[in-house]
Amino acid sequence: MAIRNIVKMGDPMLNKISRPVEKFDEKLHILLDDMAETMRLADGCGLAAVQIGVLRRICIVDAGDGLVELINPKIIGQSGKQEECEGCLSCPNNWGITSRPMSVIVEAYDRNGNKFRVKGEGLKARAFCHEIDHLDGILFTTKVIRPYVEE
Ligand code: ZN
């Protein structure tokens, strides 16, 4: 495994739309392992491939209850609403309150090309929305509804 450099805000890469994954091969597995290691070292709860310079529809989330790898993910259901603080490994020292669904259902493929569905609530729902936005070139900073004030 290897640590990859995280692309930072201001780099036009982050505004690009990622392409679907077509090959579920060894190269993908190495990329996923590197993403997990990079995310853990940076102490994040989510990372999209574009954040390490790979324009493919791949993201990972670990909201504290285990790592979820999402390939070609789609949000197929959502309910409720939450307004909570959000940040991003590509936007250091940048925080803001966003409005996200309280609960989402995501359909995606695992690293071997098997389709699955996963539900996320609270922080996990926010992370799924945030990471999937990255695949469409959208940063959370465009979704901030009010600044985060530290208590
Ligand atoms: Zn992010």
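Entry 1, a strand pair. I began with strand 2 (residues 58-62) and strand 3 (residues 67-79) in this predicted model. The two run antiparallel, and I found five bridges joining them. I then looked up the position across from C59, and in strand 3 it is L70 that stands opposite.

Entry 2, the sheet. I followed the pairing outward from these strands. The sheet is open and has five strands, ordered 1-2-3-6-7, with antiparallel pairing. Which strands stand at the edges? I noted strand 1 (46-48) and strand 7 (115-121) there. Each has a single partner strand, so one side of each is left without a neighbour in the sheet. For the twist I wrote down an average of 40° from one strand to the next.

Entry 3, the helix on the sheet. I checked what helix 1 (residues 26-41) packs against, and it is the sheet. Helix 1 touches strand 1, strand 2 and strand 3. I compared directions too: that of helix 1 makes about 40° with that of strand 2.

Entry 4, a loop residue. I went on to the loop between helix 1 and strand 1, where G44 lies. Is G44 buried, exposed or partly exposed? Its relative accessibility is 23%, and buried would need under 20% while exposed would need over 50%, so I entered G44 as partly exposed. I set aside the neighbours within four places in sequence and looked for other contacts of G44; they are M39 and L89. Last, I took the separation of G44 from R117, which is 73 residues away along the chain. Their C-alpha atoms are 23 Å apart.

Methods. Residues numbered from 1 in each chain as written. Predicted model: local features only at pLDDT ≥ 70, side-chain atom pairs only at ≥ 80, totals over all residues. Heavy atoms only, no water. Pairing = 2+ DSSP bridges. Axes fitted to C-alpha atoms, helices over the stretch in contact; angles between N-to-C directions. Contact = heavy atoms within 4.5 Å. Buried < 20%, exposed > 50% of the residue type's maximum accessible area, 1.4 Å probe, protein only.
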